[in-house]
Each structure stands twice: as structure tokens, then as C-alpha cells.
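I opened a fresh page for this entry and set out to note what I looked up, item by item. The sequence and the coordinates go in before my notes.

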Amino acid sequence: MADLDTLNQADIGDFEKLMAVTTVMTQSVISFLMVGNLPVGQQFFLGGIYEAVKFSASAFIFGILFSTIRTHPQARLRDYPRFMRNRWHVLFVPSILWTAVYLLVLPQVQQHRHYHDWRQFCWQFINGNAAPHLWYNVMMLQFIILMPFFWWLARVVQNHPRRGVSAFLLALVFELGWHWLYEYQVFHGPEAKNWYLIDRCFLSFLIFGVAGTLLCKFYKQLLPFLMRHWLTQIVCWLVLFYFVTINFFGYGVPVKLTNAPYYLPSMIFYNLSTIGLIVTLASYMQKFRNQWLPFIHWVALYAHRSYLGHVFWLYWCWQGINHFVPHLFLAVKFPLLVILTITLSFAFSYCAHLTWTRIKRVLNVRHLVNG
């Protein structure tokens with residue numbers, strides 16, 4: 001890996017976060033567009049893109065673990081209180097604020113059932129149903145809380161490649177079993193309504209946290225291999241993408257996005273393949289000190305906060321376009337919504353950060369690391 005200090009610390013985790021946050025916003029746009037009665041061809045077109053970018057949550061977990069292990073190489077349980085104080089301000093506070101915004105300002109975007117009293121309000125607040133995308137935030141924060149486990153894993157496998165291989169295989173076998181359970185019991189299964197909260201359990205993405213930890217510890221051995229076999233990776237990705245897409249479209253029309261969950265055994269391999277390609281691209285850009293590296297690091301810093309607020313901005317952009325240009329062609333509406341959502345989300349996150357930084361200076365509040 002190239003010297004990260006000279007690259008403004010744009011590490012592999014930053015690349016994963018960049019790809020994850022932009023593709024998850026694209027997923028949200030597609031979910032809004034698919035509500036209407038689209039022609040079958042447009043349904044398959046949007047469905048294909050949706051399936052292609054269905055790696056976002058997995059890539060974000062991978063990126064978080066990679067970057068956290070890299071920036072806390074000697075961390076132990078005694079470092080946990082300081083770590084959590086920082087993450088409380090950087091991750092948990094924005095999560096609380098945006099959840100409140102969705103429940104109080106846009107209650108119509110709630111999932112499953114709406115609140116009607118304070119008990120239901122509290123339940124919606126913590127279970128990730130306040131907005132379509134907050135289920136993932138609930139799951140991601142679990143990885144932050146459980147970070148001492150991954151610090152321990154990083155120490156166990158340090159300088160022991162065989163332990164690393166064993167840890168990966170154990171996590172993979174467990175994940176396959178977990179996803180198999182989801183496929184037959186929850187996904188169109190008998191427990192679909194009762195067990196739907198299983199999708200926001202950290203166990204559903206454990207393999208990607210383990211993979212991020214292991215790559216951080218063995219990147220000197222793994223990155224040359226990945227860079228040397230980039231063409232093989234592309235071929236494998238194409239095969240896996242074909243397989244998962246055919247499965248998705250096999251449910252016929254109308255194309256329903258609920259038929260493309262993260263939690264199918266085939267998606268584990270597709271997501272790992274996509275993450276590997278992003279790692280390879282990042283390695284090449286680092287090797288040649290690409291001029292975009294500082295920008296990628298900047299995007300990664302604001303990725304989580306922008307992710308939290310993007311459905312808010314998407315909702316109003318959607319309302320505005322449907323009101324002023326209701327008959328806009330899909331070929332224009334789709335990219336326009338993606339660009340507006342991404343731009344407004346990051347612009348607001350950056351402006352909010354600058355405003356809060358100035359307020360802290362006036363109040364003489366101690367500065368916390370951003371990210």
C-alpha cells in the first residue's frame with residue numbers, strides 16, 4: 001500500500017465508502033421511480049441497475065472495518081471508551097438527529113407501520129423503520145459497538161496467515177448458513193412478517209466485517225495478488241452478476257425490488273467479488289498517486305452523514321420534479337434525481353459541519369476528530 005500520509009489518508013476503506021454511499025443513493029432513487037406504473041422494459045432496466053449496485057451495505061461495512069483497524073492498530077479494550085466518545089459525536093448524534101427529522105417532518109416515509117403513540121414512536125426511533133434506509137444504520141452502529149471483537153481478531157491473526165484463512169472460512173460458512181436460513185424462513189418464507197428485523201442484525205453482514213479486518217492485516221500479501229489477477233476478477237464478477245440478475249428477474253413482472261435482498265447465499269459471493277474489484281481499483285490509484293485521492297478521502301469523511309439525510313433530499317426533489325415537470329423522460333429523471341440527491345446530501349453535510357465547527361470555536365468546545 002502506498003504511503004497513506006502522502007495520499008491525504010485516502011485508504012481502501014475510503015474507496016469502499018465512496019462507492020457504497022453513491023450506489024445506495026442510486027438504490028433509493030430507483031425505489032422511488034419503481035413506485036409508478038413503468039413499462040416492462042424500464043422496470044427491467046432499473047431492476048438491473050438496482051441489482052448491480054446491491055453491494056453498497058456490504059462495501060460500507062468492509063470499508064468501516066478496514067479503516068478502523070488501520071487507524072487503531074494497537075487498540076484494546078482500554079481504548080474503547082475514548083473510541084466510543086468520538087463515534088458518539090461523529091456517528092450516533094447525526095443518527096439520532098436525522099431519525100427525529102424523518103419521524104417528525106416526514107412521517108410518511110416510515111416503513112412497516114406508522115406510530116400512533118409515544119411507545120410506537122420510540123420503537124420506530126430505534127428499530128430503523130423511521131425511513132426506508134435507516135435499517136442499515138441500525139445494523140452498522142452494531143459493528144461500531146462491537147469493535148473490540150474486531151480489534152481482538154486483528155491481534156489474533158497478526159502475522160499468522162493460516163489463522164486469517166481459518167477466520168475467513170469460519171465466517172463464510174456461518175454467513176452461508178445464516179443467509180440460507182433467511183432465504184427459506186424469511187424471504188417469501190413463513191416468518192417473513194415476524195422475522196423481518198433480522199435484516200438489521202450485524203450477523204447478516206459479519207463476513208464483510210471480518211474480510212475488512214483481514215485485508216487490513218494482510219494487504220501486503222493480498223493486494224499484489226488482486227492487482228495481478230484483475231482480469232480474472234472481472235470475469236468472475238460478470239458471471240456472478242449474471243447469476244444474481246437472472247435469479248432476480250426470474251420472479252417475472254412486475255419487477256419488485258423486494259425480490260432482490262442482500263441476504264441470499266449467492267449475494268455473499270457477488271458482494272465479495274465487487275468489493276475485491278473496488279480494492280483493486282483503489283490499489284492502482286494509490287500506486288500511481290491519482291489526483292482524485294484527496295477528494296475521495298473528503299467524500300468518505302462525510303459519507304455517513306450524507307447517507308443519513310439523502311432520503312430527505314430525495315423526497316423533496318421527487319416532489320418538485322413531479323410537480324413542475326411531471327412528464328419528464330426516465331432517461332432524464334433518473335440521472336437528474338441521482339445527481340441532485342448526491343449533491344444536496346453532501347453539500348448539507350459539509351455546511352452543517354462547518355457551522356457546528358464555528359459554533360464550537362465560539363463556545364470553546366474541544367474539537368473531535370471528524371471521522
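Which residue follows α7, and is its phi positive or negative? I looked just past the end of the helix and found Asn 159, whose phi is positive, near 65°. I keep in mind throughout that I am reading a predicted model.

Next I went back into the helix itself. In α7, which covers residues 147-157, I listed the buried positions as Met 147, Pro 148, Phe 150, Trp 151, Leu 153, Ala 154 and Val 157. I noted beside this list that residues three or four places apart in an α-helix point the same way, because such a helix has 3.6 residues a turn. I then asked which elements the buried residues of α7 pack against. They pack against α3 (56-71), α4, α6 (134-145), α8 (161-185) and α9 (206-228).

Since α4 is on that list, I looked up a charged residue there. Arg 87 is found in helix α4, which runs over residues 80-105, and I checked whether Arg 87 is buried or exposed. It is buried, because its relative accessible area is 9%, under the 20% cut-off for that class. I also took the separation between the C-alpha atoms of Arg 87 and Ile 145, which comes to 9.3 Å although the two residues are 58 apart along the chain.

For the whole chain, I counted 14 helices and zero strands. The radius of gyration is 21 Å, close to the 21 Å that the globule rule gives for 371 residues, so the protein is as compact as a globular protein of that length. The C-alpha trace spans about 55 × 55 × 45 Å along its principal axes, and 51% of the 371 residues count as buried. Of the contacts between residues at least 6 apart in sequence, 80% join residues at least 24 apart.

Turning to the surface, I noted that the protein exposes about 18,700 Å², with carbon and sulfur atoms supplying 68% of it. I also tallied 27 positive and 12 negative side chains, and the centres of these two sets lie 7 Å apart.

My last item was the cysteines: how many disulfides does the structure hold? The structure holds zero. I took Cys 351 as a case, and its sulfur is too far for a bond because the closest cysteine sulfur, in Cys 317, is 15 Å away, whereas a disulfide needs the two sulfur atoms within 2.5 Å. Cys 351 is partly exposed, with a relative accessible area of 45%.

Methods
Residues are numbered from 1 along each chain as its sequence is written. This is a predicted model: local features need pLDDT of at least 70, side-chain atom pairs count only at pLDDT 80 or more; totals for chains, interfaces and linings use all residues. Side-chain values use heavy atoms; hydrogens and water are left out. Buried means under 20% relative accessible area, exposed over 50%, partly exposed in between (1.4 Å probe, protein chains only). Helices (H or I, at least four residues) and strands (E, at least two) are DSSP runs, numbered from the N terminus. The radius of gyration is taken over C-alpha atoms; the globule rule is 2.2 Å times the number of residues to the power 0.38. Contact means heavy atoms within 4.5 Å. Accessible areas come from the Shrake-Rupley method with a 1.4 Å probe; for residues, only the protein chains shown count as cover. Lys and Arg count as positive and Asp and Glu as negative; His and the chain ends are not counted. The place of a charge is taken as NZ of Lys, CZ of Arg, CG of Asp or CD of Glu.
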